[in-house]
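Here are my notes for you, set out as numbered points. Keep the structure open beside them as you read.

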Amino acid sequence: MFVVRWILGRIILLLNFIFAPKKRQRSADDQQQVDQKAQSLSLYQYNACPFCVKVRREMRRQNVNIHLVDAKQESNKQELVSEGGKLQVPCLKINNNGKVEWLYESKAIMSYLNTEFA
Ligand SMILES: N[C@@H](CCC(=O)N[C@@H](CS)C(=O)NCC(=O)O)C(=O)O
């Protein structure tokens with residue numbers, strides 16, 4: 001089972017690489033604003049999880065550089081469970097001027113990115 005999942009994960013990563021979406025273009029000023037806004041966000045994720053790949057593709061589409069946190073690493077995993085509430089990726093950590101919100105579900109995260117950055 002582990003091997004099958006590993007192989008499927010590599011196939012997803014390969015397809016994602018080959019069919020990478022086109023990055024949205026902005027003026028340098030607009031991009032700087034987007035980059036600044038994105039500093040308040042972190043995406044807890046696994047590299048080969050299909051739901052995480054979907055969100056990362058949306059990030060690329062929107063040209064938003066969000067800090068990626070590997071939730072396989074024990075300390076990150078513990079932080080996600082204790083502060084977010086459960087071990088599920090992708091999860092977007094949103095820091096609203098010190099008020100932290102944990103957004104689960106790939107669809108909800110993609111819709112958040114669309115609303116905030118489109
Ligand atoms: N409905 C969720 C599904 C997310 C999901 O199933 N994530 C899996 C990884 S692909 C997970 O977090 N599993 C928990 C674990 O690995 O312990 C979404 O769309 O984000």
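**Notes on the helices, the pocket and two strands**

1. Let's begin with helix α1, where Gly9, Leu13 and Asn16 are buried. They share one side of α1 because the arc they cover around the axis is only 65°. In general, an α-helix has 3.6 residues a turn, so residues three or four places apart point the same way. Please keep in mind throughout that this is a predicted model.

2. The other side of α1 has a different character: there, Val3 and Ile18 are exposed. As for overall form, α1 runs over residues 2–18, 17 residues in total. From first C-alpha to last it reaches 24 Å, close to the 24 Å expected at 1.5 Å a residue.

3. What do the buried residues of α1 pack against? Their partner is α3, residues 50–62. Looking from the α3 side, the buried residues are Cys52, Val53, Val55, Arg56, Glu58, Met59 and Gln62. You'll notice that charged side chains appear in that list, Arg56 and Glu58 being among the buried residues. These buried residues of α3 pack against α1, and also against β1 (41–45), β2 (67–70) and α5 (106–117).

4. The length of α3 also agrees with expectation, because its 13 residues should span 18 Å at 1.5 Å a residue and its end C-alpha atoms are 18 Å apart. Just after α3 comes Asn63, and its phi is positive, near 55°. That is a backbone angle you may like to look up in the viewer.

5. Now for the pocket. The largest one has a volume of about 460 Å³. It is lined by 15 residues, and those closest to its centre are Arg5, Tyr46, Ala48, Cys49 and Lys72. Two elements, α1 and α3, each give two or more residues to this lining. The biggest share is from α1, with seven residues. Sorted by class, the lining has 10 nonpolar, two polar and three charged residues.

6. Is Gln36 buried or exposed? This residue of helix α2 (residues 28–38) counts as exposed because its relative accessibility is 57%, and the cut-off for exposed is over 50%. Gln36 and Pro90 lie 54 residues apart in sequence, with 22 Å between their C-alpha atoms.

7. Leu92 makes a good contrast. It sits in strand β3 (residues 91–96) and counts as buried, because its relative accessibility is 1% and buried means under 20%. Setting aside neighbours within four places in sequence, Leu92 is in contact with Leu41, Ser42, Leu43, Ile66, Glu101, Trp102, Leu103, Ile109 and Tyr112. Leu113 is 21 residues from Leu92 along the chain, and their C-alpha atoms are separated by 10 Å.

8. One of those contacts, Leu103, deserves its own point. Leu103 belongs to strand β4 (residues 99–104), and it is buried because its relative accessible area is 17%, where the limit is under 20%. With neighbours within four places again left out, Leu103 touches Pro90, Cys91, Leu92, Ile94, Ala108, Ile109 and Tyr112. Ile109 and Tyr112 are in contact with Leu92 and are also in contact with Leu103. Finally, Leu103 and Lys93 are 10 residues apart in sequence, and their C-alpha atoms are 6.4 Å apart in space.

Technical notes: Residues numbered from 1 in each chain as written. Predicted model: local features only at pLDDT ≥ 70, side-chain atom pairs only at ≥ 80, totals over all residues. Heavy atoms only, no water. Helix = DSSP H or I, 4+ residues; strand = E, 2+ residues; numbered from the N terminus. Expected span 1.5 Å × (residues − 1). Buried < 20%, exposed > 50% of the residue type's maximum accessible area, 1.4 Å probe, protein only. Arc of directions from axis to C-beta. Contact = heavy atoms within 4.5 Å. 1 Å grid on protein atoms, 1.4 Å probe; cavity = no way out; pocket = protein on both sides within 12 Å on 5 of 7 lines; lining within 4 Å. Points joined across faces, edges and corners; volume = space filled by probe spheres on them. Nonpolar A, V, L, I, M, F, W, Y, C, P; charged D, E, K, R; others polar.
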